[in-house]
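Biologist: Let us go through this model together. Please show it first.

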Amino acid sequence: MAVPSGFVGTMVVILFGVVVLSGVVVPGVEAKSRAFFVFGDSLVDSGNNNYLATTARADSPPYGIDYPSRKPTGRFSNGRNIPDLISEGMGGESVLPYLSPQLKGDNLLNGANFASAGIGILNDTGAQFLNIIRMYRQLDYFEEYQQRVSILIGVGRAKKLVNQALVLITVGGNDFVNNYYLVPYSARSRQFSLQDYVKYLIVEYRKLLMRLYDLGARRVLVTGTGPMGCVPAELAMRGTNGGCSAELQRAASLYNPQLQHMIQGLNKKIGKDVFIAANTARMHNDFVNNPAAYGFTTSRIACCGQGPYNGIGLCTPLSNLCPNRNLHAFWDPFHPTEKANRIIVEQIMSGSKRYMKPMNLSTVLALDATK
Ligand SMILES: *[C@@H]1O[C@H](CO)[C@@H](O)[C@H](O)[C@H]1NC(C)=O
Ligand SMILES: *[C@@H]1O[C@H](CO)[C@@H](O)[C@H](O)[C@H]1NC(C)=O
């Protein structure tokens, strides 16, 4: 039997319709702005640990009390964290945690946050938190992410998206506070002198940065540690005469310059300014040493916590809570308030060479926009 011509006509229209539709869909899946990828620890975790069986979490009140939703999100802050504020500075939306079920389809094209509270450069850092996404695993996820995006927009465009993205990595503090100095006579402190431990960390960190480069990252902000000895937790536990912990300050002062030096060496080897060093110790020190100049009434007492400096234990629904978070540099015993995060991100954006080497983020964005 002959097929009625009207039927063939309908088939053609349907097929043609499919072709046209898919032609429309592909340009539709275009990222609105530059993609942003985040790696590291609790300073930059935007909620991955909510999906894990770990004790390192920020998913109950009063965390998030000043976040737009006024709800805990897994961010270790009263409000926005550093990645949120960098996204804001680039005119984009906050990127979703990699483990969020919402991170699919078009949302993938904005980037992803792989950070996990508690992790360090070393695999044994944060062992007490059990199930966390260690650095090598964050990088494995980045690879998996790229496969998922390739299915969505093709291998070539996925590669371009990654090459053109901005990357932030914040890791290292936990290798001191949650490893070397976690307990007296820790395994690592018996194995290494502080100087040799710092050297070992830098060697291992370099490998992580090279892997990031091999995975396609071409603009990577690398932060150092803050003044670890001056956070409320350390003031409470090992502060000397109400001052900062001399030992942890010594660790920071050994580690940060060697990190900067390693980054310079990597850029030289690659022949391009791929890695940008953010001197977060100096950014923190400014308001730790002179809180009033930044509108804080204290840089020593955490807003949320208990005991001396509100520095003992965790920030929980039962802790002391300050009424005005903008007056405190520290939100909990370890993490800055949104206000302090803003000061840090302002320096990342437009700080001088004393803060950002070889250049600040606004210069990076302007340079890359002309490409
Ligand atoms: C961490 O563990 C992964 C997977 O077992 C391994 O490939 C990597 O070399 C380890 N890193 C360090 C610093 O030991
Ligand atoms: C940093 O950014 C500002 C723009 O906000 C720019 O004027 C300044 O020259 C930059 N500083 C350096 C040292 O790159």
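**Ligand shells, sheet and a covered helix**

Modeller: This is a predicted model. The shell around ligand 1 consists of Leu122, Asn123, Tyr136 and Glu204.

Biologist: Which residue around ligand 1 is charged?

Modeller: The shell of ligand 1 has two nonpolar, one polar and one charged residues. Leu and Tyr count as nonpolar, Asn as polar and Glu as charged. Among the residues around ligand 1, the charged one is therefore Glu204.

Biologist: Which residue around ligand 2 is nonpolar?

Modeller: Ligand 2 is surrounded by Ser350, Ser352, Lys353, Met359, Asn360, Ser362 and Thr363. By class, that shell has one nonpolar, five polar and one charged residues. Met counts as nonpolar, so the residue in question is Met359.

Biologist: Which strands stand at the edges of the sheet?

Modeller: Six strands form an open sheet of mixed pairing, in the order 2-1-3-4-5-8. The edge strands each have a single partner, so one side of each is left without a neighbour in the sheet. They are strand 2 (111-113) and strand 8 (356-357).

Biologist: What is the bridge partner of Val222 in strand 5?

Modeller: Strand 4 (residues 220-223) pairs with strand 5 (residues 275-278). The sense is parallel, over four bridges. In strand 5, Val222 has as its bridge partner Ala277.

Biologist: Which helix do the buried residues of helix 2 pack against?

Modeller: Six of the eight residues of helix 2 (residues 82-89) are buried. They are Ile82, Pro83, Asp84, Leu85, Ile86 and Ser87. These buried residues pack against strand 1 (36-40), strand 2, strand 3 (166-170) and helix 11 (338-350). The helix asked for is helix 11.

Notes. Residues numbered from 1 in each chain as written. Chains lettered and ligands numbered in written order. Predicted model: local features only at pLDDT ≥ 70, side-chain atom pairs only at ≥ 80, totals over all residues. Pairing = 2+ DSSP bridges. Helix = DSSP H or I, 4+ residues; strand = E, 2+ residues; numbered from the N terminus. Near = placed C-beta within 6 Å. Buried ≥ 20, exposed ≤ 12 C-beta atoms within 10 Å, placed from the backbone. Contact = placed C-beta atoms within 7 Å.
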